[in-house]
Amino acid sequence: MKNLIVSHNYFTLISGYLNRVKQQHSGTDRSSNQRESDPLEERSVYLIEDIEKLIEQILSVSDDLSFGLVLGENIHPSDYGLVGYALMNCPDLNTALSLSSKYKPVMNQAFESFFIQGERESSYQVRPKFDEVYLTSLVELDFASGIQLAKLLVDKQDLPKLKLQQVNFQHGPLSSPSHYQRVFNCPVNFHQERSEIIIANSVLALPVRSANPAILDMLLRKIDKAVKSYSLGQSFSSKVICYVSKHQQDIPSAKQAASDFNISLSTLKKHLMSEGRNYSEICDSIRKNMAIKMVADPKNQIKAIYSSLNFSSSSAFNRAFKRWTSMTPTEYRHKMSLSLK
């Protein structure tokens, strides 16, 4: 499932936060135009695993999974590109929330979203397509940005009416109760059946102050056109990722992969290079994802994991795992157990 794409805007949002966190912790002057180079930013295609790498870097600096709330409460519609501009031209919040749910895959294909309208209240739900701890931060980003965008869309005189009835999260709290209260200003519950925002239909009826039907129609045509071509199947690297994932217990060589794709080895390398990737990096990433998932599960004995991943020894596995996470398998398991409490 890691071969799901995210938009350039979404990637830029997370990478921008990473750069700010690095500046804060290194004492770098924000007024400086210097910026650390990141080869990921040069890619034409971004995957959810690229976001995972950014989050790993954020946690290595700040050790704080609640960054989604911080990002969300400082969001602007332009941060979401065409979708954000479309929301600014909707007639009301009901339409904006409906479009936000419909076009969620344009921003991040790792989530499914649902807008369920009731007689008096409605529910906006977000469901991750796979189970990873870091996705909880992105769920909180989605919800926090939703309420912040609503504040920016309506007239100032309607702000007092903009109140949520309830926010539910499947996961446990990642920040203090006061942080959630500041962001959502309503009851927030954890360890619930689903992650959802419950909001009265009277609130959803609030008009958007900059609504323009003609501009909205034009933007929706552009978005629909983008959606048709925004398929991971059109990315060669994604096809390779799917291929390697299916053979993850015995990862084929690059030569074998090229043969199975009915192309030459040089063509395989050329196609991957055009998307900022290489075969070894893809294989290493998949091995890494397998290792992290197995180590995070306390049912798996760490001493036995390396053999199932075809490492020559436990020390070789430990070195690779520390390269991937900056922690030993034991340290990583301990950290994950604490984060889930």
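The following questions and answers walk through one buried residue and the strands that come after it in a predicted model.

Visitor: What pLDDT does the protein average, and where is the pLDDT below 50?
Guide: The protein averages a pLDDT of 86, and 90% of the residues score at least 70. Even so, there is a stretch with a pLDDT below 50, which has 17 contacts in the model beyond near neighbours in sequence. That stretch covers residues 29-41.

Visitor: Is Asn-108 buried or exposed?
Guide: Asn-108 is found in the loop between α6 (104-107) and β3 (111-117). Because buried means under 20% relative accessible area, and Asn-108 has 1% relative accessibility, Asn-108 counts as buried.

Visitor: Which side chain makes a polar contact with the side chain of Asn-108?
Guide: Leaving aside neighbours within four places in sequence, Asn-108 is in contact with Ile-5, Val-6, Tyr-10, Ile-48 and Leu-138. One of these residues also makes a polar contact, side chain to side chain, at 3.5 Å, and that residue is Tyr-10.

Visitor: Which residue in β4 is the bridge partner of Phe-111?
Guide: A hairpin of three residues joins β3 to β4, and β3 pairs with β4 (residues 121-128) in the antiparallel sense over seven bridges. Within β4, the bridge partner of Phe-111 is Pro-128.

Visitor: Which residue in β7 is the bridge partner of Ser-122?
Guide: Strand β4 also pairs with β7 (residues 196-200), again in the antiparallel sense, over five bridges. Within β7, the bridge partner of Ser-122 is Ile-199.

Technical notes
Residues numbered from 1 in each chain as written. Predicted model: local features only at pLDDT ≥ 70, side-chain atom pairs only at ≥ 80, totals over all residues. Heavy atoms only, no water. pLDDT = per-residue confidence, 0-100. Contact = heavy atoms within 4.5 Å. Helix = DSSP H or I, 4+ residues; strand = E, 2+ residues; numbered from the N terminus. Buried < 20%, exposed > 50% of the residue type's maximum accessible area, 1.4 Å probe, protein only. Polar contact = N/O pair within 3.5 Å; in protein donor to acceptor, adjacent residues only side chain to side chain. Pairing = 2+ DSSP bridges.
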